[in-house]
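The following exercises are to be worked through with the sequence and the structure at hand. Each task is followed by a solution in steps.

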Amino acid sequence: MASIAFTAKGDLVQRSAIIIGAGVVGVCSAYALAKRGWQVTLLDSEEGPALGTSHANGAQLSYSYTEALGSPATLAAMPRLLLRDEGVSFNLSLRPAYLLWLAEFLRNCTDARFRRNTLDVFHLAQQSRAAMDAFCTQHELDFAHRVAGKIHLLYSDRDINRAQKVRALKAEAGCEQHILRREELTQLDPALAGLDRDVIAAISTPSEVVGDAFQFCAGLTAILIRDYGVETQFGATVTSLIQRKDRAEITLEGGEILGADLAVVACGTGSNSLLAPLGLAERIEPMKGYSFEVPLISTSPSISVTDGKRRIVFTNLGDRMRIAGIAQLGNANREIDQSRIEQMIESARACMPEGGDYEAAGQFWSGIRPATPHSQPIIRRASKHIAVNAGHGALGWTLAMGSGERLASMLD
């Protein structure tokens, strides 16, 4: 059924939307609206979909791992995170927007807000999983999508105690997880025998899923064009966004002007360049991450692995292992720091010496995740003709389908 509105004379008209940003959140927003009958145009400054932050992310659909970054543990570690450049770090900056973000982040480091933010994102993740399952039932698309299971490594009794508290919190919402001792892990995957000797246990979540976000976005964009009549413009940089009385108006770098009933700003850390002139700026800061890939070997695990101590994840995509990590808050520089890549390769070796062929590491990538102080994405109608779907942090791939659905339902 088409999404419709009425003119002053009572005539029916199809509603139109322009999605600014063709990363995974923008493409999923376009899908959620198009399948409801909206006339959709999808724009991106890159030459195709998912060439920015979504291009080579960790590839884990972490539907059960929604812990907010702000927590009492993070608060206790703040002096170290501000002064030392580790897997997670906070840049020192006097930029007013950054200081306001940081102040709000610190307010979200209480136990009560950690619980609320974690569960709110968990519920959105479950909506996202249901939407992805429905999509895969309706459309055939190969993007290395499979239930792989996942473990999160634990190195101390303190880690185990903290994991038990978070596990109990999410169990109340229906999440099934188990804490397994090291000797039990090889029952999940024999390759886990090669883990760092300091690992004493792990959180196991059998239902966790993997998938290649770039392949998904490219395939879904083709489906949107073919089956839903979505128009796309790539290499199209938006220079301004204006709200008229009856529509949103977008000006492109070449001077072309586009109009629609609604503009959806879904361009991650670039969202505020369009929202701020309208007085609609959001609390979003850049958080830089990296990834690389290695060929699989006989001792590569099939199950997904997260090493919180080293801030890296391992994802078996069937024909290669992707390793991603690092979170540098306040860093918007997309250039690849070779020393960071070398650090990640050594961290991967230390965690799983036989996890892949590290000598053949390649496909180096860096991306800028849009982070909010409360770790929740911003999904809202900012004004009559402008909506926002941004700020997903490291969980954009996980939350994209649910965020698109939530946005579309809100607009309906």
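Contact, as used for the covering of helix H7, means heavy atoms within 4.5 Å. The model examined here is predicted.

**Exercise 1. Describe the surroundings of helix H7, from its buried residues to its two ends.**

Solution.

Step 1. Identify the buried residues. In H7 these are Ala213, Phe216, Cys217, Gly219, Leu220, Thr221, Ile223 and Leu224.

Step 2. Find what covers them. The cover includes helix H1, strand E4 (39-44), helix H4, strand E12 (231-234) and helix H10 (396-411).

Step 3. Inspect the N-terminal end. Asp212 caps H7 there, with a side-chain oxygen 2.9 Å from the backbone nitrogen of Phe214.

Step 4. Inspect the residue just after H7. Gly229 has a positive phi of about 65 degrees.

Step 5. Follow one buried residue outward. Cys217 is touched by Gly23, a residue of the loop between strand E3 (16-20) and H1. Besides Cys217, Gly23 touches Asp44, Ala50 and Ser54, residues up to four places away in sequence not being counted.

**Exercise 2. Classify the aromatic pair of Tyr31 and Tyr228, then that of Phe135 and Phe216.**

Solution.

Step 1. Choose the quantities. A pair of aromatic rings is described by the distance of the centres and the angle of the planes.

Step 2. Note the total. The structure holds 9 aromatic pairs.

Step 3. Classify the tyrosine pair. For Tyr31 and Tyr228 the distance is 5.8 Å centre to centre and the planes stand at 90 degrees, an edge-to-face arrangement.

Step 4. Place this pair in the chain. Tyr31 belongs to helix H1 (residues 24-34) and Tyr228 to helix H7 (residues 213-228), so the pair ties together parts that are 197 residues apart in sequence.

Step 5. Assign the burial of each ring residue. Tyr31 counts as buried because its relative accessibility is 2%. Tyr228, at 22%, is partly exposed.

Step 6. Classify the phenylalanine pair. The ring centres of Phe135 and Phe216 are 5.5 Å apart and the planes are at 70 degrees; the pair is therefore edge-to-face. It links distant parts of the chain, 81 residues apart, with Phe135 in helix H4 (residues 111-138) and Phe216 in helix H7. Phe135 and Phe216 are both buried.

Step 7. Join the pairs. Tyr31, Phe135, Phe143, Phe216, Tyr228 and Trp397 are linked by ring pairs into a cluster.

**Exercise 3. Determine which parts of the chain are joined by the salt bridges of Arg115 with Glu172 and of Asp196 with Arg310.**

Solution.

Step 1. Recall the principle. Side chains of opposite charge can pair when their charged atoms come close. The structure holds 23 salt bridges.

Step 2. Examine Arg115. Its side chain meets that of Glu172 in a salt bridge of 4.0 Å, N to O. Arg115 lies in helix H4 and Glu172 in the loop between helix H5 (157-171) and strand E9 (178-181), so the bridge ties together parts that are 57 residues apart in sequence. Arg115 is partly exposed at 34% relative accessibility, whereas Glu172 is exposed at 61%.

Step 3. Examine Asp196. The closest N and O atoms of Asp196 and Arg310 are 2.7 Å apart in their salt bridge. This pair links the loop between H6 and E10, which holds Asp196, with the loop between strand E18 (304-307) and strand E19 (312-316), which holds Arg310; the two residues are 114 residues apart.

Step 4. Assign burial. Asp196 is buried at 10% relative accessibility, and Arg310 is buried at 18%.

Step 5. Look for a further partner of Arg310. The side chain of Arg310 also meets that of Asp307 in a salt bridge (2.7 Å, N to O), and Asp307 is buried as well.

**Exercise 4. What lies around the buried residue Asp189?**

Solution.

Step 1. Locate the residue. Asp189 is in the loop between helix H6 (182-185) and strand E10 (201-205).

Step 2. Test for a salt bridge. The nearest side chain of opposite charge, Arg146, is 7.5 Å away. The cut-off for a salt bridge is 4 Å, and Asp189 has none.

Step 3. List the contacts. Asp189 touches Pro301, Ser302 and Ile303, not counting residues up to four places away in sequence.

Step 4. Find a polar neighbour. A polar atom of the Asp189 side chain lies 3.2 Å from the backbone nitrogen of Ile303.

How values were computed:
Residues are numbered from 1 along each chain as its sequence is written. This is a predicted model: local features need pLDDT of at least 70, side-chain atom pairs count only at pLDDT 80 or more; totals for chains, interfaces and linings use all residues. Side-chain values use heavy atoms; hydrogens and water are left out. Helices (H or I, at least four residues) and strands (E, at least two) are DSSP runs, numbered from the N terminus. Buried means under 20% relative accessible area, exposed over 50%, partly exposed in between (1.4 Å probe, protein chains only). Lys and Arg count as positive and Asp and Glu as negative; His and the chain ends are not counted. A polar contact is a pair of N or O atoms within 3.5 Å; within protein, one must be able to donate a hydrogen and the other to accept it, and residues adjacent in sequence count only if both atoms are side-chain atoms. Rings of Phe, Tyr and Trp (its six-membered ring) pair if their centres lie within 6.5 Å; planes under 30 degrees apart count as stacked, over 60 as edge-to-face and the rest as tilted.
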